[in-house]
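Q: Hi! Could you walk me through this one?
A: Happy to. Let's have a look together.

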Amino acid sequence: MRRLRCRLRVTMKTAEQLRTPLLDVHEAAAFLNVSRSWIYARVERNEMPHIRVGGLIRFVPSQLRDWTFAKDQGKS
């Protein structure tokens with residue numbers, strides 16, 4: 001029997017993040033109040049935090065929130 005290796009590119013720091021369900025693209029778009037195409041474009045350019053689970057793209061809500069605030073701070 002082969003062993004499957006699973007790598008998680010994003011380090012989750014708190015127990016709260018581990019308990020929080022991941023968002024899909026549709027939910028992330030609603031969370032940020034943007035279109036799904038906007039989300040896909042940022043993921044393609046690796047501009048926003050995301051996790052790939054197989055062929056699926058998922059998002060940690062707290063990371064999206066932190067990323068949004070960090071981008072907002074950079075505009076000032």
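**Helix 3 and its surroundings**

A: Keep in mind that this is a predicted model. A good place to start is helix 3, where Ser37 and Glu44 are exposed on one side.

Q: And which residues of helix 3 are buried?
A: Ile39, Arg42 and Val43, within a helix that runs over residues 36–44. These three sit on the same side of helix 3, because the arc they cover around the axis is only 100°.

Q: Why would residues three or four places apart point the same way?
A: An α-helix has 3.6 residues a turn, so such residues end up pointing the same way.

Q: What covers the buried residues of helix 3?
A: The cover includes helix 2 (25–32), along with strand 1 (51–53) and strand 2 (56–58).

Q: Can you zoom in on Ile39: what is it in contact with, beyond neighbours within four places in sequence?
A: Val25, Ala28, Ala29, Leu32, Val34, Met48 and Phe59.

Q: How many residues are in the largest nonpolar core?
A: Twelve, among them Ile39, Val43, Leu64 and Trp67. Helix 2, helix 3 and helix 4 each give two or more residues to this core, and helix 2 has the largest share, with four.

Q: Anything about the backbone just after helix 3?
A: Yes, Asn46 is found there with a positive phi of about 55°.

Q: Switching topic: is Ser62 buried or exposed?
A: Ser62 is buried, because its relative accessible area of 14% is under the 20% cut-off. Ser62 belongs to helix 4, residues 61–75.

Q: How many residues apart are Ser62 and Leu22?
A: They are 40 residues apart in sequence, and 9.9 Å apart in space from C-alpha to C-alpha.

Note on methods. Residues are numbered from 1 along each chain as its sequence is written. This is a predicted model: local features need pLDDT of at least 70, side-chain atom pairs count only at pLDDT 80 or more; totals for chains, interfaces and linings use all residues. Side-chain values use heavy atoms; hydrogens and water are left out. Buried means under 20% relative accessible area, exposed over 50%, partly exposed in between (1.4 Å probe, protein chains only). The arc is that of the directions from the helix axis to the C-beta atoms. Contact means heavy atoms within 4.5 Å. A nonpolar core is a set of buried Ala, Val, Leu, Ile, Met, Phe, Trp, Tyr and Cys residues joined through side-chain atoms within 4.5 Å.
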